[in-house]
Amino acid sequence: MAVANEKPPMSEVKVWSFCRLPFWQSTNNAAAGGGGGGSGSSSLQQNHLAAADHQPSIKVASVAKSFLPTRRRLGLDPPNKLYFPYEPGKQVKSAIRIRNISKTHVAFKFQTTAPKSCYMRPPGGILAPDESLIATVFKFVEPPESNDKLDGLKSRVKFKIMSLKVKGDMDYVPELFDEQRDQVAVEQILRVVFLEPDHPTPALEKLNRQLAEAEAELEIRKRPPPEDKGPRVLGAGLVIDEWKERRERYLARQLVEGVDSV
């Protein structure tokens, strides 16, 4: 009997209490009987476990959502670079095709880290679904500080294209992006890449082709819209002239028949 009444050492008690997990306690309490205190303790522990299991899922979902890429509204060609011919001390041009790949009208806008030496044409606009245009980007190439040509080919200038979903066909104003700042999406950050103008490459050939297409599109946009002259009168005039000729031939034939009868 004395042996049965001995208490276990404190180290064994601590190890046992440390190993007991909450769901073991809730299982033991539920199996212990129908006491009011036991059922209340079990329900509290179950609620605590459910809340603990739910919170990590919410955090994981929010973190995963933040890593999801933004759905693109514009398709860019080239997708992430702007190619310029390297001509120090001169203003050079690049081109990029912008296409609306969404199902609604989209406004776009250019931004650059060097607004004093770069500008875009057009700086922004609104595209209908599947509509596209070629934008021309102008940049002044600073002469290199050293004689090393490789230093001159490096540029820290970057461009940013932003998009905004708009309602239908409307006039573009830059203030749209300030008024609806929460709805603005950054489509792409474009890095500047210089090309040797004396060394033909596929990238340089594509750039020259896009620049020619951009000039052709600009000439088309400069043309005045065709005037609405109303319904065409040419067809009606031809019908009237033909009716007059038939009338004159009929009257002449009647006159000849009258003379013959006399």
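User: Hi! Which strands does α6 lie across, and at what angle does α6 run to β2?

Analyst: Hello! One thing to keep in mind is that this is a predicted model. In it, α6 lies across β2 and β9, and its direction makes about 90 degrees with that of β2.

User: How do you know that the span of α6 fits a helix of 21 residues?

Analyst: Set the expected value beside the computed one. Helix α6 covers residues 202-222, and at 1.5 Å a residue it should span 30 Å. The C-alpha atoms at its ends are 30 Å apart, so the two values agree.

User: Which residues of α6 are called buried, and what makes them so?

Analyst: The word applies to a residue with under 20% relative accessible area. In α6, Leu204, Leu207, Gln210, Leu211, Ala214 and Leu218 are buried.

User: How do you know on which side of α6 they sit?

Analyst: The buried residues cover an arc of only 120 degrees around the axis, which puts them on the same side of α6. Here is a general idea that helps: an α-helix has 3.6 residues a turn, so residues three or four places apart point the same way.

User: What does the face turned away from the buried side of α6 carry?

Analyst: That face carries Pro202 and Ile220, which are exposed. For this label, the relative accessible area has to be over 50%.

User: What covers the buried residues of α6?

Analyst: The cover includes β1 (74-77), β2 (81-85), β3 (91-100), β5 (118-121), β7 (132-140) and β9 (185-195).

User: What makes β1 and β5 edge strands?

Analyst: Look at the strand order. Four strands form an open sheet, β1-β3-β7-β5, and their pairing is antiparallel. β1 and β5 each have a single partner strand, so one side of each has no neighbour in the sheet. On average, neighbouring strands here are turned by 25 degrees against each other, direction ignored.

User: How do you know that β3 and β7 count as a pair?

Analyst: Pairing takes at least two bridges between two strands. β3 and β7 have 9 bridges, in the antiparallel sense, so they count as a pair. For instance, Gln91 stands opposite Phe140 in β7, and Val92 has Lys139 in β7 as its bridge partner. β5 passes the test too: 4 bridges join it to β7, so these antiparallel strands are a pair. Across from Met120 is Val137 in β7.

User: Which strands of this sheet does α6 touch?

Analyst: α6 packs on the sheet and touches β1, β3, β5 and β7. The direction of α6 makes about 75 degrees with that of β3.

User: Why is β7 called mostly covered?

Analyst: Count its buried residues: β7 has 9 residues, and 7 of them are buried. In the chain, buried residues make up 24% of the 262 residues.

User: What is the order of the strands in the sheet with β2 and β9, and which strands are at its edges?

Analyst: That open sheet has 5 strands in the order β2-β9-β8-β4-β6, with mixed pairing. β2 and β6 (124-127) stand at the edges, because each has a single partner strand and so lacks a neighbour on one side. β2 and β9 pair in the parallel sense over 5 bridges, with Leu82 opposite Val192 in β9.

User: And how many helices and strands does the chain have?

Analyst: The chain comes to 7 helices and 9 strands.

Technical notes. Residues are numbered from 1 along each chain as its sequence is written. This is a predicted model: local features need pLDDT of at least 70, side-chain atom pairs count only at pLDDT 80 or more; totals for chains, interfaces and linings use all residues. Side-chain values use heavy atoms; hydrogens and water are left out. Helices (H or I, at least four residues) and strands (E, at least two) are DSSP runs, numbered from the N terminus. The expected span of a helix is 1.5 Å times one less than its number of residues. Buried means under 20% relative accessible area, exposed over 50%, partly exposed in between (1.4 Å probe, protein chains only). The arc is that of the directions from the helix axis to the C-beta atoms. Contact means heavy atoms within 4.5 Å. Axes are lines fitted to C-alpha atoms, for helices over the stretch in contact, and angles run from 0 to 180 degrees between N-to-C directions.
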